[in-house]
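Student: I would like to go through a structure feature by feature. Please give the general idea where there is one, and then the case at hand.

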Amino acid sequence: MGILSNFSIAQTYYELSGTVVDENNEPLTGATVLLLPVKKAAITDANGVFSIKDLTKGKYTIELSFVGYNTLIDTIVLEENKKYKFQLDVSSLSLQEVVVTDNYSETRKNEVSLNIEIVNDDYLKQNLGGSLMSSLDRLPGVSTIDIGSGQSKPVIRGLGFNRVVVVENNIKHEAQQWGDDHGLEIDQYAVNNIEVIKGPASLMYGSDAIGGVIDMKNKNIPAENSYGGTIDLTGKTNNDFWGSSVSLYGREKWFFADIRATLLDYGDYKVPTDSVDIYSYRAALYKNHLRNTAGKEQNLHFSFGIIQNRFQSQFHFSNINSKNGFFANAHGLEPRNVDVNLHDKSNRDIQYPYQNVNHFKIINSSFYRRDKLKLEFDLGYQRNFRQEWSQYVQHGYMPATFPDNLFFNPDLERQFDKQVYSANVKSYYQLSSRIQLNLGINSEFQDNQIDGRGFIIPAYKQLVLGGFVFAKHNFSDKSLIQAGIRYDYGNINIKEYFDWFPSPIVETGDTIMQYLQRAAKIKRNFSNFTWSIGYNYNPEKWSYKFNIGKSFRMPIAKELAANGVNYHHFSYEVGNADLSPEISYQFDVGIEYSSSKFAIGTTPFLNYFSNYIYLNPSSEHDRLYGNGNQVFYYTQSQVFRYGTELHAHYKLFKSLQIGIIGEYVYSEQLSGAKEGFTLPFSPPPSAIFNIKYKKPKTKFVENAYLSIDYRITAPQNNIVPPEEPTDGYQVVNLGVGGDIVYKKQKVNISMQVQNLFNTKYFNHTSYYRLINVPESGRNFILNISIPFSGKIKQKVN
């Protein structure tokens, strides 16, 4: 822990100043000092000195951080000008080797009764995956559902898609998350830290958070009169990936701004096999490349804001634009018709089929604080524009030659144009030194339009409103209870849809041609009360938390009105307009012991759904819109789930520790056609055995580390037909890196070797497993990050 000494200096205006030193009492230059909740910051000078002025009387939390040292957090009551001296200690190895275990993370975990994980920018750089979400699958209880190397969706304790909410800068990220092939349009270079909430969080985040939340924050507000930025360079060997991201920021007193540009380009990724068996057809792979999985991405971010004593407002603008191909032998189940000569000419070109995605977002986050009251306001606008392109092919009664009088391109397979308007208001009131009362209102309106020759979901409009009351009472510094209640209302209006081509229908013995209706006009209203109550007890080295609650999720348009081919699930899906909203009850427990050399913790849970929504396979096959895809119908059943996560580490020596991370989830349907079976794509039990060596300072490198992960995943034999069992596997991953400092310039280098032995294995939660495509082969990853900063000189009048 840090050492804190206090001196009082009498002056006219309130000012917080002081020095930050290391374990040898030497000044730390460039340490960050952050004062909350006003979010004022400063950077120490060459003598380790900082100063924050224009502060009002009150209670503040001060956070001091410096690379390679434990973050120090303390509470300060400011009633006069004060000067402090802070001493930071060199950081030890982090718990679980995946979670930021500085004081902020521990404080945050002790404040909430749900189980959470917190990671920062360093973790993301050291664990780069094919996408932002795949970079998180080392966390216990977190996995992904993948389509190729660049498209993945988060899964928390076996629940994904619209059961997990993704939040960026306080606004729920909305795209086409119902789609199996639709990843998240978020720039992982722009994310500063991520908080993963495991378990139902509907109380604070609304309907879709029935499975959990991934809450992402961008860069913190810079210190007064400072400038800086970062240059990030990344390369990966498996798919010849290269990426570059450059950011610049600056602040002069009350105004600050930053900008970031990111470019990514990658080729077809490689798998450790020379062919894949797509049902009854074996498709050869040229040089192990999964043809047409190349892609590119261009991202731009800009933000600015103002800071006053009681008021702060920040605007975020982002535009994510990507183009990536679909595995040519899989799309549409026509592997025999692929022009292999065209696709195999280059591993970097993007041919049909592919998708273009553009996600534009504007967010404003503001807060006002006065005495015991704090008000927060969040406004957001998003537009997600997605086009899927493939060569026109006749199916069923579609015309052999595409008509020239239609209003869309014949090769435009599907188009989705979604606009989302969001508004949140929250208030925090400190009733006393031990009791805090929070109230909030969330609202969101979606308008989703469709186009193209293919159909799976209709156009729709959706309105969601919710309000909550949440209270927290601290019995002491070691124990607290929190409870809340929420009401949600949702309305969805689905447009009817007819085929653009006629099909023959037999009526009273006569055959007539009709434009078949694929979706009826649907209008549904949903509402529900949810609640949660939790207790935390943190005596010395132990931590106990308990939470029980009810969650709610309204059905989405796809579940209510789907009627088309899902090319990436290789199925024909049919919605059910009579579905009821999902209701879930869950009990969570967290127990953890932590000392300087040893830590162990477990987070078991019990979960019951009274009406879980899922796709139920039938014996029918579609012959009108594809090549005989099996028909799946949306239905509901009672589901019981339980599981746990485990983490432990032991420090063998000062710089060497060993650890284990494990997870287990069990699901069983208690009713319906699949009673007694599990849920589709249930993650199998798995564990990571880790050994890590870390040296804070060496002759040439600071914060040097060497890490070895041995991941063991059990076979998944607990399946639901028509799923097939998946064999277990073992994979070894390596990581090495550190900070090279030359003439005060720091260069961070992180290197990984994923799948060291080029093991051929199948991931049970990957859709490509359905067509026998193994996971990526050996991958060398290099990330170089070059930060720079300075102080803006003040003009002398």
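**Domains, strands and local geometry**

Student: Let us begin with the domain interface. How many salt bridges does the rule find across the interface of domain 1 and domain 2?

Tutor: Zero: the rule finds no salt bridge across the interface of domain 1 and domain 2. Keep in mind that this is a predicted model.

Student: Which residues does each domain take in?

Tutor: The domain assignment of the protein chain gives residues 14-87 as domain 1 and 229-791 as domain 2. Their C-alpha centres are 38 Å apart.

Student: How many residues of each domain are in contact with the other?

Tutor: The contact takes in 11 residues of domain 1 and 12 residues of domain 2. About 1,000 Å² is buried between domain 1 and domain 2, with 48% of that area from carbon and sulfur atoms. On the side of domain 1 that touches domain 2, the classes are six nonpolar, one polar and four charged residues.

Student: How many residue pairs are in polar contact across this interface?

Tutor: The rule finds one such pair across the interface of domain 1 and domain 2, with both residues at pLDDT 80 or more.

Student: Now the strands. What is the general idea about side chains in a strand?

Tutor: In a regular strand, side chains alternate between the two faces of the sheet. For a case here, take the open sheet of five strands, ordered β9-β15-β16-β13-β14 with mixed pairing.

Student: Why is one side of β9 and of β14 left without a neighbour in the sheet?

Tutor: Strands β9 (115-120) and β14 (171-172) stand at the edges and each has a single partner strand, so one side of each has no neighbour in the sheet.

Student: In which sense do β13 and β16 pair?

Tutor: Parallel: β13 (residues 164-168) and β16 (residues 212-217) pair over five bridges. Glu168 stands opposite Met216 in β16.

Student: How many salt bridges does the structure hold?

Tutor: The structure holds 29 salt bridges. One of them joins the side chains of Lys198 and Glu117, at 2.9 Å from N to O. This pair links distant parts of the chain, with Lys198 in strand β15 (residues 193-198) and Glu117 in strand β9, 81 residues apart.

Student: Next, the antiparallel pairs. How many bridges join β25 to β26?

Tutor: There are 17 bridges between β25 (residues 373-389) and β26 (residues 412-430), which run antiparallel. Within this pairing, Leu375 has Ser427 in β26 as its bridge partner. Strand β26 is also joined by 16 bridges to β27 (residues 435-451), again antiparallel. There, the bridge partner of Lys426 is Gly440 in β27. The hairpin from β26 to β27 passes through four residues.

Student: What joins β40 to β38 and to β41?

Tutor: Five bridges join β38 (residues 582-594) to β40 (residues 605-621), and these strands run antiparallel. Tyr585 stands opposite Tyr608 in β40. Twelve bridges, written 12 in the count, join β40 to β41 (residues 630-653), also antiparallel. In β41, Ser637 is the bridge partner of Tyr612.

Student: Last, the backbone. Is the peptide bond from Tyr352 to Pro353 cis or trans?

Tutor: The bond is cis, with omega near -5°. Pro353 is placed in the loop between α4 (340-343) and β24 (354-370).

Student: What is the phi of Asn755?

Tutor: Phi of Asn755 is positive, about 55°, although Asn755 is not a glycine. Asn755 lies in the loop between β46 (745-754) and β47 (779-791).

Technical notes. Residues are numbered from 1 along each chain as its sequence is written. This is a predicted model: local features need pLDDT of at least 70, side-chain atom pairs count only at pLDDT 80 or more; totals for chains, interfaces and linings use all residues. Side-chain values use heavy atoms; hydrogens and water are left out. Domain bounds come from an automatic or database domain assignment. Contact means heavy atoms within 4.5 Å. Buried area is the accessible area (1.4 Å probe) that two parts lose on being put together, summed over both. A salt bridge is a side-chain nitrogen of Lys or Arg within 4 Å of a carboxyl oxygen of Asp or Glu. A polar contact is a pair of N or O atoms within 3.5 Å; within protein, one must be able to donate a hydrogen and the other to accept it, and residues adjacent in sequence count only if both atoms are side-chain atoms. Ala, Val, Leu, Ile, Met, Phe, Trp, Tyr, Cys and Pro count as nonpolar, Asp, Glu, Lys and Arg as charged, and the others, Gly among them, as polar. Two strands pair if DSSP finds at least two bridges between them. Helices (H or I, at least four residues) and strands (E, at least two) are DSSP runs, numbered from the N terminus.
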